[in-house]
Amino acid sequence: MMVRFAKRILRNRLAGFGAGLLLMVTGLCLVTPFLGLPDPNVISTADRFSLPFEDGFVLGADHLGRDILSRLLWGTRLSLAVGLTAALIAALIGSLIGILAGFFGGKLDDLLMRSVDVLMAFPYILLALAIVAVLGPGLMNALIAVAIVNIPFFARNVRGVTLVIARSDYIAAARLSGRGSISLLLFEVVPNLWSVIIVAFSTTVGWMILETAGLSFLGLGSQPPQSDLGSMLGEGRAALITNPHTSVIPGLMIFVIVMGINLLGDGVRDALDPRLAKGTLQRSSPVTQVLRTGQPAPVDTQSTLDVAGLSTEFRVDKNPLRAVRDVSFSLNGGECLAIVGESGSGKSVTALSITGLVASPPAVITSGTVGFRGRDLFSEPFDVLRDLRGRRIAYIFQDPLSTLHPLLTVGAQLAEAMVTHDPRLTKPVLRRRAISLLEDVRIANPEHIMMSYPHALSGGMRQRIGIAMALANDPDIIIADEPTTALDVTVQAQVLRILDDLRRQKGVGLIFISHDLNVVSQISDRIAVMYAGQIVECGPSRDVLEQPAHPYTRALLASSPQIGAGGGLPKPIDGGLPRPDDLPAGCAFAARCEMATDICSASAVELRGSASREVRCVKWEAANG
Ligand code: ADP
Ligand code: MG
């Protein structure tokens, strides 16, 4: 565990470099007493300002002729010890305050956090100076001052996280089971706080060493003749121009230490938060990166939407994750194309790639075109794409609770969806339209629902609002990504009915994504079955459902329950999807296929057949020419 963690830190080269610097410095500090260095405090006026390597002084001598190397190493020991101790004290007291305030809340929280606010009301260094002024100069007092001024940082950070943990459901469940507060704190809350405390510690320790040095520099920390890095810098300052080595050397040491700590601290933070290392917290660009080799093929002008040869991959580790590979389909107004496949087969990434909505980095579209009314969307400027999104091509997602804004009423959100694309719309018009949209999705009391917040509505109701929002700008295409997966069967049937009516009445092209063949059989004209990022079978719904040609389609059908069909239990498909960063050379389904033979794995299998029925299977090809 520790070794894995260390490895993760060291994968970040800068963190490794920082760790190396620190190891070197602490190593030197540890062996200092055994190096046989001259006494750091012995004055020898004859050797004043000796240069490095002069008169037997390795790093020269200072204004009193004292050995700089000896003072530097002893001083570094002291500075590190004081800085680290101050950081530990601040972390301990600050975290304790944060934990108590966050966990118990109420009056205690008020009392503790207002006291912390008082500390925070003063500028940092000024407060430290004031504390030292009261306590009197000296290294111990500098330590106390630095520790005190850093308590708020830990208290605030830890309180915030504790607050979230203390309000979470598993804590509530543990409390209901009869566990006491102390046991909850020790065994449920604190273990979850370690990473926050460690990150806060590693990012502030360098700063605290600097602050201690700063106080010593001003003569408020270590007192002569005792040396620490700050006081050495302070003493060398007078001779900065004439004998720069007396101040440059301690200055360099401070630089090396703080730099090492900060680089390592960043590494620790990244290692504790794998999302940072994977680039997920990076700000993604508003449109997926498109890196196509060569000139893109001209797009089909016959159909409303024409996706051709689309490939999208995620560049996370060494091998790209090939989530979508060479996917082609087209769609016209009033049609419904279903994309089916088990979870992870690339359906959502396909859907989001169409308008460049896959987060990038890490996603890259490596080939293909998306033709919309004869224009290649990937070649158009961003403004065109942005205008199309939501206006001409709209989305409905699986979980409307996470896509609806929790703090705005349903009416306000519907209005926003319309105003974004047409700023001239006035309030009364927006209201009228919002009501008619809600009526379109069969909401019985639209006036009342307009004023409601999403959390007060049921799942089926929220999904209807999701559909209403998608309809708000009369789109040509609606892409519904598992819109009924979160709903129960009765509500699912209602939502399907609404979608089906809408596409017939309004002539909208519908891409309906689901993992469930039973669901898509109720709504789609055509079905495309996806497996491991590829379409493995595509054809008219009835044909695909009644005469499935690909072994995967058959397995998928056998695995979904058929009510009243008289056949026994649904039959699961053994095994799992191949890893998208390590796909087999031949058929991706071969490993799970009952019919597979050696030729299936020999080479890549093409999608074959006529325009009305395409299948990616060697066996089918052999049987059907
Ligand atoms: P589904 O068919 O269930 O909608 P997706 O299209 O969401 O599947 O995912 C297809 C593949 O892409 C999966 O292997 C998934 O792990 C991968 N994937 C999706 N999003 C990301 C991402 N942001 N980073 C890396 N891999 C991803
Ligand atoms: Mg999905």
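Is aspartate 525 buried, partly exposed or exposed? Select it and have a look; this is a predicted model, so you are touring computed coordinates throughout. Aspartate 525 has a relative accessible area of 33%, so it counts as partly exposed.

**Stop 1: the partner of aspartate 525**

Now add arginine 503 to the selection. The two side chains meet in a salt bridge, 2.9 Å from N to O. Aspartate 525 sits in the loop between α20 (517-521) and β10 (526-531), while arginine 503 belongs to helix α19 (residues 489-506); the pair links distant parts of the chain, 22 residues apart. Arginine 503 has just 2% relative accessibility, so this end of the bridge is buried.

**Stop 2: more salt bridges**

There are plenty to click through: a search of the whole structure turns up 31 salt bridges. Go to aspartate 376 and arginine 292, whose side chains pair up at 3.1 Å, N to O. Aspartate 376 lies in strand β6 (residues 375-376) and arginine 292 in the loop between β1 (289-290) and β2 (305-314), so this bridge ties together parts that are 84 residues apart in sequence. Both aspartate 376 and arginine 292 are buried, so switch off any surface display before you look for them. Next, pick glutamate 188 and arginine 179: this salt bridge has its closest N and O atoms 3.0 Å apart. Arginine 179 is partly exposed, at 31% relative accessible area.

For a group rather than a pair, select Asp62, Arg66, Arg71 and Glu235, which are linked in a network of salt bridges.

**Stop 3: ligand 1**

Center the view on ligand 1. What surrounds ligand 1? Its shell is made of Phe314, Leu321, Ala323, Glu342, Ser343, Gly344, Ser345, Gly346, Lys347, Ser348, Val349 and Pro580. Color that shell by class and you get five nonpolar, five polar and two charged residues.

Then turn on the backbone atoms and check three distances to oxygen atoms of ligand 1:

- glycine 344, with a backbone N or O atom at 2.6 Å
- valine 349, with a backbone N or O atom at 2.9 Å
- serine 345, with a backbone N or O atom at 3.2 Å

On its own, ligand 1 has 560 Å² of accessible area, and the protein covers 66% of that. Switch to cartoon and look for β3 (321-331) and α12 (347-353), the elements that give two or more residues to the shell. The biggest contribution is from α12, with three residues.

**Stop 4: backbone oddities**

Stay with strand β3 and select aspartate 326, which is located there. Aspartate 326 is not a glycine, yet its phi is positive, about 55 degrees. With 45% relative accessibility, aspartate 326 is partly exposed.

Arginine 442 is another non-glycine residue with a positive phi, near 60 degrees. You'll find arginine 442 in the loop between α16 (427-440) and α17 (446-450), partly exposed at 41% relative accessible area.

Last of the backbone picks: the peptide bond from proline 224 to proline 225 is cis, with omega near 5 degrees. Proline 225 is in the loop between α8 (181-217) and α9 (229-237).

**Stop 5: a nonpolar patch**

Bring the surface back and select Phe17, Val248, Leu252, Phe255 and Met259, which make a nonpolar surface patch of about 470 Å². Which element supplies the largest share of the nonpolar patch? Helix α10 (residues 245-272) does, with four residues. Leucine 252 is in this helix, and its relative accessibility of 49% makes it partly exposed.

Notes
Residues numbered from 1 in each chain as written. Chains lettered and ligands numbered in written order. Predicted model: local features only at pLDDT ≥ 70, side-chain atom pairs only at ≥ 80, totals over all residues. Heavy atoms only, no water. Patch = residues over 30% accessible without salt bridge, like charges linked within 9 Å, V, L, I, M, F, W, Y side chains within 5 Å. Areas by Shrake-Rupley, 256 points an atom, 1.4 Å probe, with all protein chains shown as cover. Salt bridge = Lys/Arg side-chain N within 4 Å of Asp/Glu carboxyl O. Buried < 20%, exposed > 50% of the residue type's maximum accessible area, 1.4 Å probe, protein only. Near = heavy atom within 4 Å. Polar contact = N/O pair within 3.5 Å; in protein donor to acceptor, adjacent residues only side chain to side chain. Nonpolar A, V, L, I, M, F, W, Y, C, P; charged D, E, K, R; others polar.
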